[in-house]
Amino acid sequence: MSAVISLKNRLSLTYAVFIGLTLLALTLIINRFTDAMFAALIRENIGERSAEIVRTIGGLYDPGIGEFDQTSLESIGMHFVHEGYIVTVKDAGDNIVWDARSCDMQQCVMVMDTIAGRMEDQYRLKGALQIQSYPVSYLGGAAGTIDIETYGPFFYSETESRFLSSLNRLLFGAGLAITLLSVAVSIFLASSVARPIVRTAGAARSIARAHSGGIYGEIPAVRIGENYKTKELNELARSLNDLAMELEEGERRQKQLSSDIAHELRTPLACLQGNIEAMIDGVWEPTAERLESCHEEILRLARLVEDLNLLTSLEWENIVLEKKEFDIAKLLRLLSGQFLPAAREKGIALVLDLESCRVTADYNRMKQVFINLFSNAVKYTRAGSITLSCRPLDAGRPPPHTGTCEVSFADTGAGIDAADLPRIFERFYRSDKSRNRQSGGAGIGLAIAAAIVKAHGGEISAESGNGGGSVFRVVI
Ligand code: ADP
């Protein structure tokens, strides 16, 4: 497994390596460039100095006697030797008039050895002695020639060498200072990038800690500030805040569910307890009627448990749909036959507008959806009619096909308040609690229908003009 390092260290390292490599390349380029420039300048200087030597020695020629001034030649010539120029002066007949080696051989060898040693040791330049001849002339004609011997292709004097070393030292020092500075800047930049991420991670941990207490106690609403200067970090904070809100909502629903279940169980249990205790104490006779009422409560409890079980399996388990092809119109016609007596009893007319519509779905589960919608329509309609319709949505496709079908249950009942509409598919949600207890509903039927439709990838929706009936629509 590769080592895990902190974001700050990784960024610092990346910046430092990048800046270090850039500086190294820059230093090398500058070094090469200054060396080359300096060498070119020195070559030029050597040429100019040689010309100056020729001019100075040429000035020692006396055309009157046709000779060079010997005394001056010696003192000036030895001065040039110290600078690294070994001079030989010849007359017009090519006879040596004065030469530095004959004058002080030891001095000439010492100077040249020092220069060669400096150039080889410090600059790895292995050169050789080079001789350049210059003619000396006066107005009347040629006075002779001057040979100048130097270390070539070029050489640095002691002063120049010292200057070059200090320049290189300066460059190295500046490079080192910039490197140290850039490492400091890298660490600063890396921590300024990493800090908000570390802060966000800390806040995410606080959210997790706040929710780790489960459903017990009040959950503190921990939020992360969305005021970073980086867009992506603000998006990250926003997503974490959304997640926190969803967790809170989930926990709120879980608590609500527990209290709803307790509430639903309390009433039938209290009724049963009261009846049975009264019968045991001999207050009431255990008549058939009373026992029947107890039985009804037990059935209601059994139905509730069964519905909850079904809903849990639909919402939490990956239910396997046993899909087969069938005609929805046929199924609805069958159901309308079953609901007809109940509707008739309440004086409600059943209107059927059914087009044949084949779908591939789980027959029994879809039947459950339509039963729930149908029983609600009958339950919440006092008088008037229930119109049941179904039509294929992709009628244009050539047969044989199984496609999309829209089913609707439109009743002329009391309708649903606009405020209740978005929540009626939630578990235990009832728009009118008292009315429902009388009619026996626990508020689970629509949640079951919605879960089944969702498992099929379909849609379920409700519309209602308050007081003007409701329409439930299923697209499957
Ligand atoms: P219940 O068992 O209470 O009927 P449902 O989940 O089936 O539970 O319905 C939830 C709530 O939606 C009902 O309590 C009722 O207030 C409202 N509702 C459902 N169907 C209709 C309808 N056809 N007309 C008016 N209100 C309805």
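Is Glu426 buried, partly exposed or exposed? In this predicted model, Glu426 is partly exposed, with a relative accessible area of 23%. The close-up views below start from this residue and then visit other parts of the chain.

**View 1. Glu426 pairs with Arg423 in a salt bridge.** The closest N and O atoms of the two side chains are 3.0 Å apart. Arg423, like its partner, counts as partly exposed; its relative accessibility is 33%, and that of Glu426 is 23%. Elsewhere, Arg391, Glu406, Glu463 and Arg473 are joined into one network by salt bridges that share partners.

**View 2. Lys90 and Asp147 form a salt bridge between two strands.** Here the closest N and O atoms come to 3.1 Å. Lys90 belongs to strand β3 (residues 86-91) and Asp147 to strand β6 (residues 141-152), so the pair links parts of the chain that are 57 residues apart in sequence. Have a look at the surroundings as well: Lys90 and Asp147 are both buried. In general, side chains of opposite charge can pair when their charged atoms come close.

**View 3. Glu158 and Arg162 meet in a salt bridge within helix α5.** The N to O distance for this pair is 3.7 Å. Helix α5 covers residues 158-211, and the two partners sit four residues apart in it, about one turn of the helix. Glu158 and Arg162 are both exposed. If you would like to go on looking for such pairs, the structure holds 14 salt bridges.

**View 4. The largest nonpolar core has 54 residues.** Within this core, the residues that touch the most other members are Ile328, Leu332, Met366, Val369, Phe370 and Cys390. Helix α11 (residues 445-455) supplies the largest share, eight residues. A second, separate core holds 36 residues, among them Ile42, Ile57, Val81 and Ala100. As a general point, nonpolar side chains tend to be buried together in soluble globular proteins.

**View 5. Cys390 has contacts from several stretches of the sequence.** With neighbours within four places in sequence left aside, Cys390 is in contact with Ile328, Ala329 and Leu332. Its contacts also include Asp353, Leu354, Glu355 and Cys357. Further along the chain, Cys405, Glu406 and Val407 complete the list of contacts for Cys390.

**View 6. Ala455 in helix α11 touches Ile319 and Leu321.** Those two contacts leave out residues up to four places away in sequence. Ala455 is partly exposed, at 36% relative accessibility. Asn318 is also worth finding in this view: its C-alpha lies 8.9 Å from that of Ala455, although the two residues are 137 apart in sequence.

**View 7. Five residues form a nonpolar patch on the surface.** The members are Leu13, Val17, Leu21, Leu24 and Leu28, and together they have about 520 Å² of accessible area. Leu13 is part of helix α1 (residues 7-58). Why does Leu13 count as exposed? Its relative accessible area is 55%, and the cut-off for exposed is over 50%.

**View 8. The chain is assigned two domains.** Domain 1 spans residues 7-177, and domain 2 spans residues 320-475. The C-alpha centres of domain 1 and domain 2 are 106 Å apart.

How values were computed
Residues numbered from 1 in each chain as written. Predicted model: local features only at pLDDT ≥ 70, side-chain atom pairs only at ≥ 80, totals over all residues. Heavy atoms only, no water. Core = buried A, V, L, I, M, F, W, Y, C linked by side-chain atoms within 4.5 Å. Buried < 20%, exposed > 50% of the residue type's maximum accessible area, 1.4 Å probe, protein only. Contact = heavy atoms within 4.5 Å. Patch = residues over 30% accessible without salt bridge, like charges linked within 9 Å, V, L, I, M, F, W, Y side chains within 5 Å. Areas by Shrake-Rupley, 256 points an atom, 1.4 Å probe, with all protein chains shown as cover. Salt bridge = Lys/Arg side-chain N within 4 Å of Asp/Glu carboxyl O. Domains from an automatic or database assignment.
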